[in-house]
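Trainee: I would like a close look at one part of this model, the place where two helices from separate chains pack. Please put that part in its setting as well.

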Amino acid sequence: MTAHAWYIENRAAFVARSLEPGEERTFRDHLVRCDECPREVARLERELGWLPMGTDPVAPPPGFARQMAAEILDRPSRWRRHLPLAVAAGLALVSLGASMSARHEGRELRERLASRESRLAALEDTLSVLRRANMVLQTQISMNGHEQGGLLIFQDAVSHRWCVIVHGLPPAPSGSKYQFWFITETGMVRSVEVVADTRRPAFMTLPMPGVAAPVMGAALTMEPMANWSDEPRGVTLAHVTF
Amino acid sequence: MPRSKPPRIGDLDPSPDAPAGRRPLALAGEASLRRRLVSRDEQALVELIELASPWLLGVTQGMLSDPDEAREVVLEVFAAAWDRVDSLGDEHDALMPWLLRIARNRAIDRLRRRRRFKLKLARAEAYGELPPDRVRAVEVDEAAQPGWHVHQSVHAALDVLPPEQREVVRLAYFRGFTHSEIAKELAIPMGTVKTRLRLAFDKLRTSLAPIKDWIA
């Protein structure tokens, strides 16, 4: 599982609004810079859209519809509410007219700009975790008794996230996977699968697990590919506690 | 969540407030209603409120346990619908799911922003689901209620879920609980909550797919 797999796994939970508030913010931030997830979230919203009608209807009081419509239609600042929009729309039209001749080039530039802004936002987000880190943990990764790269954890107490960097680790052997775990007072909590590549470090920005028990550390293990249990069963490669 | 005897709402509002075109509207379907809303037909807004408010009140009242606050949310939903209905897509974005989604999201935002969970649980413990004096008990007239067939279809989809999956759906979707709150409420691990929800939603997506229209 990659870091993106966490978002894939939690799409339905995001639609249901059952993620923890911090996780929900992280997911929402991700939607801005992901091509696939917004589309899939929209699809899930359509597919589960009728589910709230499982709730029993509640009878409104007599005259409810007329009264509510009157409140909506007679909002005193209705015209004024739309004034800024009208002004903005007017300015946009003027701007549009001025740029008609360069529209095609403009569109390309906007697309490139949006793409770069999206990438920049992702980088800034990662960087913000690194810069705000109030604690940095580092440990070696050991495989078969030999040092094999390292594990770095930057803890951001503001956004309650970690930036985890794994470097120098070869790709997992066939039939195995690298698994990152949180260590809490009540036990291990599965996090993401780490996809390793010796040529470049793996970066993961992770929200804290949604459990009441405080996080005390982290571990990296090599698990059988088929292990989806809540407990590690493989070999511990790295282990760090506060 | 489903009750065996839901309130009758089809014959409500027998006052002069009831619009003359209400029954024909039910036959006209959602597309017609949308077109009229986009063209700023104020009568269409009244009819939309008549048709949709029982369901939106059901959702918001069920989550907030506060009829006054539920009404405020429903007002916000219809105001948003009136202001933004022309931005809604055509084919895939049905009007009613859109309204329901706005209502749920706003109700959950309120729950979380105002940290009302403790109050809500205290009320639920003190009064049951809702304070009895504030629940309007009315006769059931299922056939007269637009959307009743969707309500039944959703119930059927929920009924075939294993009870443990149905329970987490009830808490997550109809009560606005987060994973950790569900885990605490049911005294089960978070991982179990996530698994049950994921399995339930996979089934519900398939079961609810055939539903296309709610007014007919």
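At what angle do helix α5 of chain A and helix α2 of chain B pack, and how many Å apart are their axes?

Mentor: This is a predicted model. Helix α5 of chain A covers residues 64-73, and helix α2 of chain B covers residues 42-64. The two pack at an angle of about 120°, and their axes are 9 Å apart. The crossing of α5(A) past α2(B) is right-handed. On the α5(A) side the contact is formed by Phe64(A), Ala65(A), Arg66(A), Met68(A), Ala69(A), Ile72(A) and Leu73(A). On the α2(B) side the residues are Glu42(B), Gln43(B), Leu45(B), Val46(B), Ile49(B), Glu50(B), Ser53(B) and Leu57(B). Sorted by class, this contact of α5(A) with α2(B) holds 10 nonpolar, 2 polar and 3 charged residues.

Helix α2(B) also has a part in the nonpolar core. The largest such core has 111 residues, and those that touch the most other members are Leu51(A), Phe180(A), Phe78(B), Leu99(B), Val169(B) and Leu204(B). The biggest contribution to this core comes from α2(B), with 13 residues. As a general matter, nonpolar side chains in soluble globular proteins tend to be buried together. Leu99(B) can be followed in detail: leaving aside residues up to four places away in sequence, Leu99(B) touches Leu48(B), Ala52(B), Leu56(B), Val77(B), Phe78(B) and Ala81(B). A second core, separate from the largest, has 5 residues, among them Val129(A), Leu152(A), Cys163(A) and Ile165(A).

After α2 of chain B comes a loop leading to α3 (67-84), and Ser65(B) lies in that loop. Ser65(B) is not a glycine, yet its phi is positive, about 55°. Its relative accessibility is 5%, so Ser65(B) counts as buried, the cut-off being under 20%. Chain A offers a counterpart in Asn144(A), also not a glycine, with a positive phi of about 55°. Asn144(A) sits in the loop between β1 (135-143) and β2 (146-156) of chain A. Here the relative accessibility is 74%, so Asn144(A) counts as exposed, for which the cut-off is over 50%.

For a second helix pair, take α8 (residues 179-186) and α9 (residues 190-208) of chain B, whose axes come within 9 Å and cross at roughly 110°. Because angles of 65 to 115 degrees count as roughly perpendicular, α8(B) and α9(B) are roughly perpendicular to each other. From α8(B), the contact draws on His179(B), Ser180(B), Ile182(B) and Ala183(B), and from α9(B) on Met190(B), Val193(B), Lys194(B) and Leu197(B). By class, the contact of α8(B) with α9(B) has 5 nonpolar, 2 polar and 1 charged residues.

As for the chains as wholes, chain A has 7 helices and 8 strands, whereas chain B has 9 helices and 0 strands. Of the 242 residues in chain A, 45% count as buried; for the 216 residues of chain B the share is 51%. In chain A, 59% of the contacts with a separation of 6 or more are between residues 24 or more positions apart. In chain B, among contacts between residues at least 6 apart in sequence, 71% join residues at least 24 apart.

Note on methods. Residues numbered from 1 in each chain as written. Chains lettered and ligands numbered in written order. Predicted model: local features only at pLDDT ≥ 70, side-chain atom pairs only at ≥ 80, totals over all residues. Heavy atoms only, no water. Axes fitted to C-alpha atoms, helices over the stretch in contact; angles between N-to-C directions. Helix = DSSP H or I, 4+ residues; strand = E, 2+ residues; numbered from the N terminus. Left-handed = near helix turned anticlockwise from the far one by under 90°. Contact = heavy atoms within 4.5 Å. Nonpolar A, V, L, I, M, F, W, Y, C, P; charged D, E, K, R; others polar. Core = buried A, V, L, I, M, F, W, Y, C linked by side-chain atoms within 4.5 Å. Buried < 20%, exposed > 50% of the residue type's maximum accessible area, 1.4 Å probe, protein only. Parallel < 35°, antiparallel > 145°, perpendicular 65-115°, else oblique.
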